[in-house]
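The following paragraphs lead through one protein structure, from its overall make-up to helix packing and then to individual residues. Please keep the sequence and the model in view while reading.

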Amino acid sequence: MAETKRPVVLVTGASSGIGEAVAERFARDAGRRWRLLLAGRDEARLGEVARRTGGVALPGEDLDGLAGVERLAARALEVAGRVDVLVASAGIGWAGPFTRTPPETVERLVAVNLTGVVQLVRLLLPGMVERGVGRVVLVSSMAGCAGVANEAVYAATKGGLLAFADSLRYELAGTRVGVTSVVPGAVDTPFFAHRGVPYHRTRPRPVPVGRLAELLWGAVVRGRDEVFAPRWLTVPARVRGAAPGFFRAMAKRFG
């Protein structure tokens, strides 16, 4: 397949964690020769991931401001001419009582996890619609479905991504451009170390990051709108929608 015909995948947060695993999974797909564009802030680690996966590293852009998002979109389009699949996996966390959350932390969480993602989609989606093909993959969290004590702002940003995804699906009906929401519970990545508070629950156990990457890749290939990892998390998500009072009572008791 000619270089210009290879499907182009832009993965944010590709220097570690979910983004790194996703890049590696797409690189192993022998059936489709994806062209990988990898964005991340850690230039050295991103270069290693790019070498392993055959991707193009786009390092250094900070996605907590419009200028950085615009530069990333421009660089991706300059390198590849288009983006067929956007995997928005970059994100940050913070844990602690909301009343003690520093104002600058609130701003950065919202900017990186939500506003920056929305702005990046705004810049890349028109090209997908014009070409009549594409997929936007938004990595959310179960916290965005159900809320989590001491992670109020993080949960709000991830819940915002889910509402954004649903809204886009309605707008994009008939365009052949799809939107996938990825809703994991805890994932075995450096995320918890980076936020400064370790994962303390005995259940559920963190999902292996390679398993999540496999599910995400499968959703892109098969055109699925929603992925829960582990899959049993669909049960509490549905219970919350059907019986929110009962769900909240159980969450307070066992949460």
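In this predicted model, a suitable place to begin is Arg176, which is found in the loop between helix H6 and strand S6, the latter spanning residues 177–184. Arg176 is not a glycine, yet its phi is positive, at about 70°. Most residues other than glycine have a negative phi. With a relative accessible area of 70%, Arg176 is exposed, because the cut-off for that class is over 50%.

Asn150 also has a positive phi of about 70° although it is not a glycine. Asn150 lies in the loop that runs between helix H5 (142–146) and helix H6 (152–172). Its relative accessibility is 44%, so Asn150 counts as partly exposed.

As for the overall architecture, the protein has 10 helices and 9 strands. Of its 255 residues, 49% count as buried. The protein exposes about 12,600 Å², and carbon and sulfur atoms supply 54% of that area. Among contacts between residues at least 6 apart in sequence, 67% join residues at least 24 apart.

Helix packing comes next. Two packed helices are described by the angle between their axes and the distance between the axes. Helix H4 (residues 103–131) packs with H6 at an angle of about 15°, and their axes are 9 Å apart. H4 and H6 are therefore roughly parallel to each other, since angles under 35 degrees fall in that class. The crossing in which H4 passes H6 is right-handed. By class, the residues of this contact of H4 with H6 comprise 15 nonpolar, 3 polar and 1 charged. On the H4 side, the contributors include Val106, Leu109, Val110, Leu114, Val117 and Val121, as well as Asn113. On the H6 side, they include Val153, Tyr154, Leu161, Phe164, Leu168 and Leu172, together with Thr157, Gly160 and Lys158.

A second helix pair is formed by H1 (residues 17–27) and H2 (residues 43–53), whose axes come within 9 Å and cross at roughly 15°. H1 and H2 are therefore roughly parallel to each other. H1 passes H2 in a right-handed crossing. What is the make-up of the contact of H1 with H2 by nonpolar, polar and charged residues? Its residues divide into 3 nonpolar, 1 polar and 4 charged. From H1 come Glu20, Ala23, Glu24 and Ala27, which meet Arg45, Val49, Arg52 and Thr53 in H2.

Helix H1 also contains Ile18. With a relative accessible area of 16%, Ile18 is buried, because burial is defined as under 20%. The C-alpha atoms of Ile18 and Leu212 are separated by 7.6 Å, although these residues are 194 apart along the chain.

Leu212 appears again in the surroundings of Val182, a residue of strand S6, for Leu212 is one of the residues in contact with Val182. Is Val182 buried or exposed? At 0% relative accessibility, Val182 counts as buried. Leaving aside neighbours within four places in sequence, its contacts include the run Val137, Leu138, Val139, Ser140 and Ser141, and also Leu216 and Val227. The C-alpha atoms of Val182 and Leu216, which are 34 residues apart along the chain, are separated by 6.9 Å.

Terms used: Residues are numbered from 1 along each chain as its sequence is written. This is a predicted model: local features need pLDDT of at least 70, side-chain atom pairs count only at pLDDT 80 or more; totals for chains, interfaces and linings use all residues. Side-chain values use heavy atoms; hydrogens and water are left out. Axes are lines fitted to C-alpha atoms, for helices over the stretch in contact, and angles run from 0 to 180 degrees between N-to-C directions. Helices (H or I, at least four residues) and strands (E, at least two) are DSSP runs, numbered from the N terminus. Angles under 35 degrees count as roughly parallel, over 145 as roughly antiparallel, 65 to 115 as roughly perpendicular and the rest as oblique. A crossing is left-handed if the near helix is turned anticlockwise from the far one by less than a right angle, and right-handed if clockwise. Contact means heavy atoms within 4.5 Å. Ala, Val, Leu, Ile, Met, Phe, Trp, Tyr, Cys and Pro count as nonpolar, Asp, Glu, Lys and Arg as charged, and the others, Gly among them, as polar. Buried means under 20% relative accessible area, exposed over 50%, partly exposed in between (1.4 Å probe, protein chains only). Accessible areas come from the Shrake-Rupley method with a 1.4 Å probe; for residues, only the protein chains shown count as cover.
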